[in-house]
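Please open the structure in your viewer and keep the selection tool at hand. The tour below proceeds from one selection to the next.

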There are 2 protein chains.
Amino acid sequence: MENLTLNMNAYLPLRDVVFNTLREAILRGDLKPGERLMELQLAAKLGVSRTPIREAIRMLEQEGLAVTIPRKGAEVAKMTEKDMEDVLQVREALDELAASVACEQISEEQLAELRRTMHEFEESTKTRDLKRIAEADVRFHDIIYQATGNPRLVSMLSNLGEQMYRYRVEYLKEEKNYPVLIREHALIVEGLTVKDKKKVTDTMHTHVKNQAAAVKEIIREQG
Amino acid sequence: MENLTLNMNAYLPLRDVVFNTLREAILRGDLKPGERLMELQLAAKLGVSRTPIREAIRMLEQEGLAVTIPRKGAEVAKMTEKDMEDVLQVREALDELAASVACEQISEEQLAELRRTMHEFEESTKTRDLKRIAEADVRFHDIIYQATGNPRLVSMLSNLGEQMYRYRVEYLKEEKNYPVLIREHALIVEGLTVKDKKKVTDTMHTHVKNQAAAVKEIIREQG
DNA sequence: TCATTGTATTATGTATACAATATGCATGAT
DNA sequence: ATCATGCATATTGTATACATAATACAATGA
């Protein structure tokens, strides 16, 4: 009688489906900064009405991925160098916080998972499969975020990461960066293992700073 | 011919009007945690259709002020003690960041404004006009946030502040807290004046920690 | 009595219709 | 030629209609 839960949780409102779809399209770069998000057009393309499109746009707006001008419409958010500096300044602070808290609270399981992901990252850099590399890197950091046990911190950091994602991918194209990244990941894992909070936060600080410099450089070239 | 801009910027989409209205109602406590946000009812009360209501709810959701369960509806977000701890942990980190950056960048004008607001706060505590006290306190911190020149940081801190607002008001009812608050404000202003970053961030840390303890106590009593 | 089922009601999810505004282009005046 | 002006069109803003799921409660049967 039991055990046939047959997840009726499969249901997602269309607004969420649309939100996820647009979000990924923006992060992937299929929808480029400045590109207009026209309701009717998107509705036609996704085969839904304007209503869920509009709600999804409101959500993207709050995520910082879209900008709406009343009576004119929404477009994919652009990032100036200043915008990116602002995001990175906050991200540095929160990444250090996350590292510090994780250092106290990370479980053995999570630590093991982190090591696996660290190796997966290292392996992936040999393949030059950019998507795989980027995902391993995101996962590495996400494990640390999760280890804080603070869902709000996790979601804020994910959001900040999202906003740099498009640009960070460019950073990950540069093969010369891989050795440094691999080394920093290793240092972070070591620090977390022996609960050396200073080592962890310092390394994380450097890690984010390096990315910051690179991402800003990319923005400058593009913008 | 010029100088008659006659702000045509007066226009706000109804979704924004509704959003602001509901947001304030939640912060004021007119809409209580757990209270349902029913579209038709709100639409009738505010004299608009469901469409702008729904969009406003999506926005409130992203702000963390409302929670939606698919096919069931939205309600005002509840705060457990754990939720509040999570918010406060982030807020501490960002408030320190803001204090640190403001210490480097605050202008003389802003400093003057800060002193005015500090005095306004002190005066307001004598009146027992809770709304006035709370607003002065919010303004004091907001000036510091603004001084960072980082709009994203400002909006994140405002949002975090929003989520504690309902509870912090209770804290501000306790008259015995006023002397400490006044003293801490003064220390922060002094530190900013002489650009003593350590003094500023340390005081800010204590300041937020004190509030944290008090707010958590209030949640425990209520929840 | 209690569990179950059916049904009315209410609320949300989604689509569509209507209104108002912005945009681009053609037209015409200077 | 250039700048307004007006009109057609595209797009957003808002309201409403229809579909579907959740809820409460009465009715039924064991």
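Select helix α3 of chain B: α3(B) gives the most to the surface near DNA strand D, with three residues. Helices here are DSSP runs of H or I with at least four residues, strands are runs of E with at least two, and both are numbered from the N terminus. A residue is near a strand of DNA if its C-beta atom, placed from the backbone, lies within 6 Å of it. This is a predicted model, in which local features need pLDDT of at least 70, side-chain atom pairs count only at pLDDT 80 or more, and totals for chains, interfaces and linings use all residues. Residues are numbered from 1 along each chain as its sequence is written, while chains are lettered from A and ligands numbered from 1 in the order in which they are written.

**DNA strand D**

Add α2 (39-46) of chain A and α1 (14-28) of chain B; each of these, like α3 of chain B, supplies at least two residues of the surface near DNA strand D. Of the 17 residues around this strand, G73(A), L14(B), V48(B), S49(B) and T51(B) come nearest. By class there are seven nonpolar, three polar and seven charged residues on the surface near DNA strand D. Here Ala, Val, Leu, Ile, Met, Phe, Trp, Tyr, Cys and Pro count as nonpolar, Asp, Glu, Lys and Arg as charged, and the others, Gly among them, as polar.

**DNA strand C**

Which residues come nearest to DNA strand C? Of the 16 around it, they are L14(A), S49(A), T51(A), E39(B) and G73(B). Select α3(A) next, which gives the most to this surface, with three residues. The surface near DNA strand C divides into seven nonpolar, three polar and six charged residues.

**Where the chains meet**

Show chains A and B together. A rotation of 180° with 0.0 Å of shift along its axis superposes chain B on chain A, with an RMSD of 0.0 Å. That is the relation of a two-fold axis. The superposition is by least squares on the C-alpha atoms of residues with pLDDT of at least 70 in both copies.

The contact takes 21 residues from chain B and 20 residues from chain A; two residues are in contact if their C-beta atoms, placed from the backbone, lie within 7 Å. On the side of chain B that touches chain A, α3 (50-63), α4 (81-105) and α7 (151-171) of chain B each supply at least two residues. Of the residues on that side, α4(B) gives the most, with seven.

**The nonpolar core**

Select L94, A98 and A102 in both chains. Of the 74 residues in the largest nonpolar core, L94(A), A98(A), A102(A), L94(B), A98(B) and A102(B) touch the most other members. Such a core is a set of buried Ala, Val, Leu, Ile, Met, Phe, Trp, Tyr and Cys residues joined through C-beta atoms within 7 Å. A residue is buried if 20 or more other C-beta atoms lie within 10 Å of its own, exposed if 12 or fewer, and partly exposed in between.

**R23 of chain A**

Is R23(A) buried, exposed or partly exposed? R23(A) is partly exposed, because 18 other C-beta atoms lie within 10 Å. R23(A) is found in helix α1 of chain A. Leaving aside its neighbours within four places in sequence, R23(A) is in contact with L60(A) and L65(A). The C-alpha atoms of R23(A) and E162(A) are separated by 9.2 Å, although these residues are 139 residues apart along the chain.
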